[in-house]
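Trainee: I have not looked at this structure before. Can we go through it by question and answer?

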Amino acid sequence: MYIEHLFFLVPAGSVLALLFAFYQAKKVLSFPEGNDTMRKISAAIRKGANAYLKRQYTGVALFFAVMFLILGIMALTGFLTPFVPFAFITGGFFSGLSGFIGMNIATAANTRTAQATSENLNRGLRVAFSSGTVMGFTVVGLALFDLAIWYMLLKYVFYTPGSAAVLALAAAGKTVESSQVQLISSAMLTFGMGASSMALFARVGGGIFTKAADVGADLVGKVEAGIPEDDPRNPAVIADNVGDNVGDVAGMGADLYESYVGSIVATVALAVSAGYDFGGAVVPMLMAVFGIVASLIGSFFVRCGDKVDQKSLLGALRKGVYVSSAIIVIGAFPVIWYCLDCANNPGRIGVYFAVLSGLLAGVAIGYITEYYTSDSYKPTRRLAEASLTGPATIIIGGVSLGMLSTFLPIIVIGASVLISFFASGGNLSGDISAFAKGLYGVSISAVGMLSTLGITLATDAYGPVADNAGGIAEMSKLPQEVRERTDALDSLGNTTAATGKGFAIGSAALTALALIVAYIDEIKVHAPDYVLRLEITHPPVLIGLFIGVMLPFLFSSLTMNAVGRAAQSIVKEVRRQFKEITGLMEGTAEADYSTCVDICTRSAQKEMIVPTLTGIATPVIAGLLLGVNGVAGMLAGATASGFVLAIMMANSGGAWDNAKKFIEAGNLGGKKSDAHKAAVVGDTVGDPFKDTSGPSINILIKLVSMVSIVFAAFVLRFNIVQFLN
């Protein structure tokens, strides 16, 4: 009974997170906006961002309406429970809402950050970071709110101990409590599918928008025209700043909402097979509550002096993350001790070490990502030196760096999986119960990795605000020292953004592994006597494995080409305006910013459809052709190749970007040098790597798992393989 009482801390935690987000939003809005020019530029960015999101959400709403219809028909015909279509909708709604709220505060904070930075660096960091905390705590608050509402509805209204569904499942030999948890977790997985679908649309669409504008603005403005970044004469400059918000804030918010929810629901789904029932289901949610408290306390430790360098700024942000992590280390122990009844089952305390394993793996991946992408370290500085011999060598160097950077994260994740598995009581001897306990430990390690998401996401989300602040400072002709400070904040933002992507990708690998197990459990629910054949020599498994390995590459190709096509349209438009608008280059005429914003918006809406639908349709088609064994192979292949490819693309892109900024800081010839032009080309190649394709892959590998789980019963019934046997 006490565990049920502890659960009510979850909605309380969600309310605390949302109240803190509201407090931080009020704090940001209390800062001055600057002069009239700054306010005008900020208003144009906000208008463009809101117009884009309105158009995107209108299109995505049609997709959700169609999916609601499909899932509703499947529920009526007995393939799904009746709650699935509604859980799918709420998951997508809150995922989109978190991105929308974060973007709105970011577009309000950009001019305030520029104004604050004109006073001193610490003040600018505080404004930008406070806007990031709004994003971070909105994501965790809305995620826990959605989880808590569904959990309470399912447990206390629909799946009570005396309900027909629970009694029917219990009649098959399970306890009533296990039956309840299994039914609850099965329904909750589907709002993870809704969140993943929304996140993929947001990441792909926002990524196409922001990188099309960025590539177009850089290639024509910096390389061809030789004008500075964010120069008001560049027609794509407003679209570029809009893109920072719709891609790096709204898209990232939906992305990490999905990662956060996915890790929790995957762990809840494994609680029954691990033998932990309600205690095991509540642990990941209570861990999230402690993470909110820890992140809240840690956010007050983010301070810096006025020294404009990466080391001091990184140290300021690390203080907050370290304090939060230390609180989790302390708080996780009593949660696991009481919820898993470790007093009577001492072996279960090993789950605590699985949490620590995930937390440490996240920190390690953050350090590795920082090493390969920050210009404070040799890899990025050597990459910058490659620009001295032209664009080709810096592109070769960036691809090589990204490939090399996959080695250590794989070692870290592999070590975390082994430690989590065996510490939680798992073994490989064939004992199904012990094996399930080990997999529960692997899943809870992903929760540990994301437990401090409130502050981790805050350190990530502040970057686009700093980037916008730099653009506003340039366009408003603020003193050069202001631009130097905003550039320092922006460069740090590139590193923290890469670190945030590392956290998301690492947790995606652990969560996807747990979801594969949840898929197998779902098959057993619908067909208890079905014998799975998962050996690699089984043809459907082998074919599915190849399809899974190929899928992230196909998806990346589609998204990269989408950015390329959209960027071509921007390049042509910027060239046209430079040629046809008399006085534009002289600064006596104003560029037509709205046309570039409209081109990016239309291109993103059109180009995001095929990649996203590919990710959703592939597991269903593969299932119908290859059966459930083939789907299991596909999920394994997609997880393995997607994890490696996502790291490679994110780190290559981050390193190219910071190599360019290293040169712009006055090194290797500085701005307008041949080295700088080569670095700009490298950065434009890296843009879709790190902000479109790379971060979208971690959503893809979880979405295919969740789609497979939702359509498991349908695939069991209608796959072609069964008719060939």
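Mentor: The turns below cover charged residues, cysteines, enclosed spaces and backbone angles in what is a predicted model.

Trainee: How many salt bridges does the count come to, and which residue meets Arg 55 in one?

Mentor: The count comes to 21 salt bridges. One of them links distant parts of the chain, with Arg 55 in helix H3 (residues 36–76) and its partner in helix H19 (residues 593–607), 543 residues apart. Arg 55 is partly exposed, at a relative accessible area of 38%. The N to O distance is 3.6 Å, and the partner is Asp 598.

Trainee: Which residue meets Asp 657 in a salt bridge?

Mentor: The partner lies three residues from Asp 657 in helix H20, so about one helical turn separates the two. Both residues of this pair are buried. Their side chains meet at 3.7 Å, N to O, and the partner of Asp 657 is Lys 660.

Trainee: Which residues are joined with that pair into one network?

Mentor: Salt bridges that share partners make the network, and Asp 657 and Lys 660 both belong to it. The other members are Lys 211, Asp 214, Lys 661, Asp 683, Asp 687, Lys 690 and Asp 691.

Trainee: How far from Asp 277 is the nearest side chain of opposite charge?

Mentor: Asp 277 lies in helix H9, which covers residues 277–299. Leaving aside neighbours within four places in sequence, its contacts are Thr 175, Glu 177, Ser 178, Val 181, Ala 271 and Val 272. Asp 277 is buried yet has no salt bridge. A salt bridge needs a distance within 4 Å, whereas the nearest side chain of opposite charge, Arg 348, is away from Asp 277 by 7.6 Å.

Trainee: Why is Cys 342 not bonded to the closest cysteine, and how many disulfides are there?

Mentor: A disulfide needs two cysteine sulfur atoms within 2.5 Å. The sulfur of Cys 342 is 9.3 Å from that of Cys 339, the closest one, so the distance is too far for a bond. Cys 596 is in no disulfide either, with the nearest cysteine sulfur, in Cys 600, at 6.8 Å. The disulfide count is zero.

Trainee: Is Cys 596 buried or exposed?

Mentor: The cut-off for buried is under 20% relative accessible area. Cys 596 has 0% relative accessibility, so this residue counts as buried.

Trainee: What is the volume of the second largest cavity?

Mentor: The whole structure has five cavities of 30 Å³ or more. The second largest has 17 lining residues, and those closest to its centre are Arg 318, Val 321, Glu 370, Thr 499 and Phe 503. Helices H10, H11, H16 and H17 each give two or more residues to this lining. The volume of the second largest cavity is about 280 Å³.

Trainee: Which element gives the largest share of the lining of the largest pocket?

Mentor: The largest pocket holds about 1100 Å³ of space. It is lined by 43 residues, and among those closest to its centre are Ser 273, Val 517 and Lys 524. The largest share of the lining, nine residues, comes from H17.

Trainee: Where does Lys 672 lie, and what is its phi?

Mentor: Most residues other than glycine have a negative phi. Lys 672 has a positive value, and this residue counts as exposed because its relative accessibility is 61%. Lys 672 lies in the loop between H20 and helix H21 (674–710). Its phi is near 70 degrees.

Methods. Residues are numbered from 1 along each chain as its sequence is written. This is a predicted model: local features need pLDDT of at least 70, side-chain atom pairs count only at pLDDT 80 or more; totals for chains, interfaces and linings use all residues. Side-chain values use heavy atoms; hydrogens and water are left out. Helices (H or I, at least four residues) and strands (E, at least two) are DSSP runs, numbered from the N terminus. Buried means under 20% relative accessible area, exposed over 50%, partly exposed in between (1.4 Å probe, protein chains only). Lys and Arg count as positive and Asp and Glu as negative; His and the chain ends are not counted. Contact means heavy atoms within 4.5 Å. On a 1 Å grid over the protein atoms alone, a cavity is a set of points where a 1.4 Å probe fits but cannot get out, and a pocket is an open set with protein on both sides within 12 Å along at least five of seven lines; lining residues have an atom within 4 Å of a point. Grid points are joined across faces, edges and corners, and a volume is the space filled by probe spheres set on the points.
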